[in-house]
Amino acid sequence: MALMKKKPEAEVPEVYPIKCPYCFKQFGADDVHFRASASKHYVTSPQTGEKMIREDSVIDKNLADYYRQFGRQAPRRFPVIAPFGGVTGDEYINVSNDADSLGYKNGVLYSVKDEFGGETEKRICPYCHNDLPRSAGQYRSYTIAFAGDTAVGKTVYMTTLINRLQFLDDGFKSMLMPLTAGVSEKYDTYYFTPMYKEGLLPEHTHVNEVVEPLIYEFRVGINKVNGDNVADQTVTLTFYDVAGDGIKNADYVNTRARHLKYADAFIYMVDPMQTGAAQRLAALNSNACGDYIIGRGDAVKILESFFTQDIDFKDKPTAIVLTKSDLLKSTETSQRYFSKDSSIYRQCEHKGFLDTEQVETVNTEVHNFFGITAPLFRKNVDFMFNDVKYFAVSALGGPTETVNVDGADRKKIVNGIPQEIRVEEPFLWILSQLGIISDTPPEAPRQPAGGGFFRKLFSK
């Protein structure tokens, strides 16, 4: 008698804890709240004490508390739905009694039907009531923090990095997509258009600004499966652009820059004008001279500020990035910090994986540079961080000039548009450290019977 084959068990989708990209509270995927699809809700009549229906936006107390810490008033929103109850307030409405009132997708609570018959997929944080990424709970989420003093080029670097990640080598089979139309609009309006279309540097981030994150979904190893795009890895990446001078202030770190305390990795940026090379560069390069700010903190002082803010950084991947590397070309041969043929002046080439040989070459050169120009900074970095590499980038690839735009002085790119050098390399290293991309070459292609090549993109 033949044994009946056991029916294979359906694969249970993996569900990940959610970390809010605004308040950074962590919670389970079933703990989310929802924003209703319409304004209908109940209010208590002050005259009779009875419930009556109104159709207007509500004051969301949780959202109001979040905005209040920044000195701002929260916008009115549609009502809130807590799928499993346990909360009170006129801003809440109930879930429908229908059996199908809760909708799941890949094991994640993804939609609800409310008591008025409306359906919504707009998930919000149960604590601060800000919108959550669509992919929350389905994929791992990472917050990448940019750190460094004011005017080191964090905003410019972030702008060029996001652009470069959209055009990685085809071997990565990658795609970077904004999670909302608002993210796309903000990046295009405040970052991409000024730099890539007008040739103007974005305005510096000010300490009194409320920092809204740019959240993207990043997929690598994409292949077509039954007509659908299926990726080896899909992660949510959250970028914050904060004011450099705020890092010295505990109140700023605890409010507008709180992501620094919850980041999964850091890109720590240092301007060569914050090192012992500053006076020499200023003497040899008029563009560098314009960046020489008397009384500005040197590299080690800013690092000390970072250290004293109770930021958990020691074991998290940290790329120490020497910015504005194009300035260093101006040094005379006898005073050259880098060889004229140095790798830091050439674009990196990572063909579908992180080429660790390139990374180590640049790491050694930049490590030596800091040993000459900022030895105490290098010593402190080497002791403070357990997972660290040194990099050099130029987000613009050349000098800027000051021009008058609408009565205000702005910096304009002399070359017209950014000509980025090695911008993506520190970030690719971080992705590798987080296990998102490979740091080894793909397996050598094999010739199967009948010809044709099959290639495995990433080792697992």
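This report covers one enclosed helix and a set of salt bridges.

The model is predicted, so local features need pLDDT of at least 70 and side-chain atom pairs count only at pLDDT 80 or more, while totals for chains, interfaces and linings use all residues. Residues are numbered from 1 along each chain as its sequence is written, and side-chain values use heavy atoms, with hydrogens and water left out.

**Helix H11**

Helix H11 spans residues 425-433. Helices (H or I, at least four residues) and strands (E, at least two) are DSSP runs, numbered from the N terminus. Eight of the nine residues of H11 are buried, so the rest of the structure largely encloses this helix. Buried means under 20% relative accessible area, exposed over 50%, and partly exposed in between (1.4 Å probe, protein chains only). Among the buried residues are Phe 427, Trp 429 and Ile 430. Gly 435 comes just after H11 and takes a positive phi of about 85 degrees.

**Salt bridges**

The whole structure holds 14 salt bridges. Each is a side-chain nitrogen of Lys or Arg within 4 Å of a carboxyl oxygen of Asp or Glu. Three are listed here.

| Acid | Base | N to O distance |
|---|---|---|
| Asp 56 | Arg 54 | 2.5 Å |
| Asp 131 | Lys 122 | 4.0 Å |
| Asp 169 | Lys 351 | 3.7 Å |

Asp 169 lies in the loop between H2 (154-165) and E13 (175-178), and Lys 351 in the loop between E17 (318-322) and H9 (356-373), so their bridge ties together parts 182 residues apart in sequence. Asp 169 is partly exposed at 25%. Lys 351 is also partly exposed, at 49%. Elsewhere, salt bridges with shared partners join Asp 98, Asp 100 and Lys 113 into one network.
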